Amino acid sequence: MSRDTVVAGRYARALYGAAVEKGITLEVEEQLKAVVEVLHLDQEVKRFIHAPRISKSDKLKVLRTAFQDKLSPTVMNMVELLVERGRTDIFAELLETYIKIEGDALGIGDATVYSAYALSQEEQDTVAAEFSELTKRKIRVTNLVDKSLLGGLKVVIGDTLYDGSLSGKLERLEKSFNDKHRR
């Protein structure tokens, strides 16, 4: 486990505790996603935030203006704290850890569902229902298209892969045949 992961975990736990006190845990998650999207995916913003010649106070002024009325004081305080401490590089890990802590506390699991085509909302709801029953958690689905899949689905929940893809089934069938012929 990297040092950044440990540090992000500490900040995530503190942020989650503050969000629970205010009853805004899901809102904080959505706001953190927006912050990560802006700070890590927009290359211009990323260069600005990491520019060593721009003072932290100037960075904070720009971020306060940009996020004004978009972030709760709880999330804005975290943004300010991480900018002041020069730790803007851990926002993605902070979000990931926050979601895990939140999911564990609320009985929510996040499933990344890989499919050969984009699933309809109805199909996503069906997958969520099936895996909710299996895991005994409310499942939120994120669908990603993987053109390399011939058919079926691959579902990742936490550290567990449920491989129901056609290629996965074929691989298991081949292994089964090979095992039988070696005996």
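## Helix α1

Let's start with α1, a helix of 20 residues covering 3–22. Its first and last C-alpha atoms are 29 Å apart, close to the 28 Å expected at 1.5 Å a residue (the expected span is 1.5 Å times one less than the number of residues). Helices here are DSSP runs of H or I with at least four residues, numbered from the N terminus.

This is a predicted model, where local features need pLDDT of at least 70, side-chain atom pairs count only at pLDDT 80 or more, and totals for chains, interfaces and linings use all residues. Residues are numbered from 1 along each chain as its sequence is written, and side-chain values use heavy atoms, leaving out hydrogens and water.

Which residues of α1 are buried? They are V7, A8, G9, Y11, A12, L15, Y16 and A19, where buried means under 20% relative accessible area with a 1.4 Å probe, protein chains only. Right after α1 comes G23, with a positive phi near 70°.

## Helix α6

Now for α6: its 16 residues should span 22 Å at 1.5 Å a residue, and its end C-alpha atoms are indeed 22 Å apart. Its buried residues include F91, L94, Y98 and I101. G107 follows α6, and its phi is positive too, near 70°.

## Where they meet

The axes of α1 and α6 (lines fitted to C-alpha atoms over the stretch in contact, with angles from 0 to 180 degrees between N-to-C directions) come within 8 Å and cross at roughly 50°. Among the residues that meet (heavy atoms within 4.5 Å) are A8, Y11 and L15 in α1, and L94, Y98 and I101 in α6.

Terms used: Helix = DSSP H or I, 4+ residues; strand = E, 2+ residues; numbered from the N terminus. Buried < 20%, exposed > 50% of the residue type's maximum accessible area, 1.4 Å probe, protein only.
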